Structures are given as structure tokens and as C-alpha cells.
Amino acid sequence: MSSEPTPDDLPARALAALADVQDPEMGESLGDLGVIGGIELDGSVLRVTLIPTSATCPMADVMLDDAEAALQKICPPGIRAEAVMDWDTAWSPERMAPELRERFGW
Amino acid sequence: MVSTQRTRRNEPPALPRPALAVVALMAILNLLGAVGGALARLGALPTAALGPTGPDALMAHGALLMAGFFGTLIALERAVALHRGLWVPALAGLGGLSGWLLGAWPVASALWVASAAGLLGLYGWAGWRRAMSLPLAVEASGALALLAANAGFWLGQADLSRLGWSAFLVLTIAGERRELTRMVRLPPGAGAAFVVVWAGVALSVALATWASTLAFGLWWVSMAALALWLLRFDVALRQWQAKGWAGHTAICLSVGYVWLALGAALGLAGQIVAWHLVWLGFVMAMVFGHAPIMMPALAGWRPVHTRWALAPLAVLGLSLVLRVVGTLTADGALMALAGTGHALAFVFFGAVMIRAVRRGMVSRPSSR
């Protein structure tokens, strides 16, 4: 547990925590890959929404688990982390971090 | 870590791990029959009255590997991803066991056909309820090729089976790689070139029964084009230095593309050994590359990364060189040695993975 967390700064802290979570196949962070669709504090649930790059990848659950585990570490008592997939939003390369885009020729 | 078997807000529950383990075991037993049959064929092991070196495994070694092992494994991955349809890989696994354990080949064929139809249905569901895309369509066409191959096996159409099973694996891999290569900026025409290659593979399967010479020619041209496309554009070639297993996966994939290119060259030269460069060099490199990153999804295991996991790939490569030389020189002893080398590579890889998983359990005692 991190020190002195407050609900107001949780989304920003969550984004930093997710920087350590990687896509298993690419070895790049979820943030750099642009798969973090949103982070919200919904009552007692800190929820991150991920935008999938694949409809049939069996590793999606692993990424959700890893994201939840990373978020739970920064949650104060009484707050539960949750990661969900947003199947209605299409991922596109524009979402990637500038450094990664540059590496991949964009 | 958090269990993957909880129910998320917008998903049905994940498939139960004990059931996944049973189906995974069926896949492994199919692999055992396939490898045993192969070693008996090559003369590396004596034949037996029954079991993995018995006449059924020997006769249908290819079917067991393709429809039995890969049919089960790939459908299992899709079922896990979609949280449904575990019966699809289960039927494929049972089909293989019905064949090599019981000799009930009509039953095996029927189960394989049903499983392939189910896999096609899983892709259809994914496109309908999640997202339709070109890569998904490519993978679904691989399932269609599996269906054609399994029906061909049932009806005794050997060319259709050979091309259909091979297309199943190649298109499944190609679809997955095309999906990830969306991250890379492709030059003009590269996307269209991929679609042309896809069409070439699909057409070769469609022609298998009626114009097999043309179908095989088209197949090897398509394999050459696909290998060049992957070697030129796939994101894996930029990820060798990636952290942990991702770098291992990228290296395995890249090596596999070289084997695919060599296989295509030998295939165009009319050499029968080309098929095993595709099936063992290309496809098994994908298996070695993806196994460590699939284990968390399939079993909840978190193997600790080790560079030793690349060593079995080298053993497999050396044994393939022996296979090529043994085939080209018609040296039976060399081919038997090559077969032993293939099997050693599998066992070596399994041992490295077991050690990596055990280290992972020690470092993450709370892991499932």
C-alpha cells in the first residue's frame, strides 16, 4: 500500500501504477501501447477500462489480472480495483505513445 | 495475484481451470501419439502392437499432430479467450484419442469435423459479439481449412488433408501476426500484398481435390511470399530486445520465419522435406515462442524468464538440418537421428518450462 492515498488522486496514481504492467507478447507497457481507455473511481471501485487489440487473444485475462493487481496495490482500504475490456472501442496505432510510434515507423 | 476465474462486470466467468487442465492433457496425449508415430516411422523407435508407437499412431501421425494436437491446442486458446466453447477443443482431443488409443477412426474423424465446425463458430461469435477484423477473418479461414482437412481425412482425400491442415496452422499464425503488425506503419501495398498471400493459401486448399499439382505449386509460392512478408514487416523483428518472455517470443518467431522461407524454397524445388520445415521449423518455433506467455492464461502459471528456453529451438534447428540432409541423401540412419533430435528438442523444452514454472511458483507463492 502506498502512503497517504486520497480518492481524488487515485486515477492519476493508477495511471502511474499501470506503467509497470506489460502486454505479455509485446513486452511494452499498457500505457505505451495505448490500450488504457479510461480510469474512473466509481463509488468504492477503481476501474480501468482496457481497449483490446485482439478479439480472440487468450492473454487478455492475464492483462486484466495484472492491471487489477497493480491498481489494488495503490488502493486505500475499502476501495476495490477492477479492470474490464471495452469491446465497443476499436484500438488504433494513433493511441500508442509517441516514442513507441516513432520506433514502429509512424 | 488476482484469480482469472472471477466474474468481471462485462464478461461471463472464465472457464474452470480443472476442465482446462483435462483438455490440455488431451492435447499432450495427442502430441505423444503424434511424436511416437513419427519416431516409429523414422525408425528411431521400434514399433509396438499398440500405444504411441503402435500401428494406429504410426499410420495417422500427421492427423494426430494436426487435428489432434493443434486442433485441441488452438481451439483451447480460443475457448479461453472467449470464455466459452470448451467442448470444441475437447472434441478434437477426444477424436485423436479415439483414433490412436482405440483405432476408432470414423469416430475420430466425426469428432474432428464437429470440433472444426465449432472452432469456426467460435470465430463467428468473436466477430459478431466482439469485433470483426481482417486478422480475425484470416484466422477463421484457418478454421475453415481445418474443417476441410478433417473432412478430407474422413473421406480419404490425402492432398486436401495435407493442404488444409497446413493452411489451418499457417493462417492461424498469419492472422495473429497481422493483428500485431497493425502497430507498425506499413509501406503502401504491404497490406494488399498480405491479402493476396492469404488468397493464395485459401485457393491452394480449394484446388487440392481437383487440381493438386496447381494447388501445391500455389501453396509453395504463397509460403515464399508469406515468409518474405513476415521477415520484412512483422513487428517481432523489432522486439528481440523486449523484456522477459516477449523478447524470447520475438526471437522464436523470427527463427520460424527463416524456416518458413527455407521450406518454401525447398518446396518450390520439389523436395518433400519442405513440409517438415514448415510444420516443425515454422510452426513449432511458434509453439516454443508462445508457450511461456500462454501458460498464465491456460494454467495460471508464471514461468520465470530464462535464456535457456532458446536452447531447445537450437536443438530443433540442428535436427532439422539433419532431417534435410538425411532426406536429400536418402540416409535412413540420419533421418532416424533427426527424428530423435526433434523429440529431444520437445523434451528439452518441456524440461526448461517445468523448471521456469517451478521458479515462478517459488518467487510468486501466491500465484495459482
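These notebook entries follow what I looked up in a predicted model with chains A and B.

**Entry 1: where the chains meet**

I began with the contact between the two chains, and I found that 29 residues of chain A are in contact with 39 residues of chain B. On the chain B side, I noted that α3 (61-82), α5 (105-130), α6 (134-155), α7 (158-180), α10 (245-268) and α11 (274-298) each supply at least two residues of the side that touches chain A. I then sorted the residues of that side of chain B by character, which gave 21 nonpolar, seven polar and 11 charged.

**Entry 2: the domains of chain B**

I next looked up how chain B is divided, and I wrote down domain 1 (14-130), domain 2 (135-233) and domain 3 (255-368). For domain 1 and domain 3 of chain B, I recorded 19 Å between their centres, taken over C-alpha atoms. Here 12 residues of domain 1 of chain B are in contact with 11 residues of domain 3 of chain B. On the domain 1 side, α1 (17-42) and α3 of chain B each supply at least two residues, and the largest share, seven residues, comes from α1(B). I counted this side of domain 1 of chain B as nine nonpolar, one polar and two charged residues.

**Entry 3: a hairpin in chain A**

I turned last to chain A, where strand β1 (residues 36-42) pairs with strand β2 (residues 45-50) in the antiparallel sense over six bridges. The two strands, β1(A) and β2(A), form a hairpin with two residues between them, and I saw that A:D42 stands opposite A:V45 in β2(A). In the turn, I noted that A:G43 has a positive phi of about 65 degrees.

Conventions: Residues numbered from 1 in each chain as written. Chains lettered and ligands numbered in written order. Predicted model: local features only at pLDDT ≥ 70, side-chain atom pairs only at ≥ 80, totals over all residues. Contact = placed C-beta atoms within 7 Å. Helix = DSSP H or I, 4+ residues; strand = E, 2+ residues; numbered from the N terminus. Nonpolar A, V, L, I, M, F, W, Y, C, P; charged D, E, K, R; others polar. Domains from an automatic or database assignment. Pairing = 2+ DSSP bridges.
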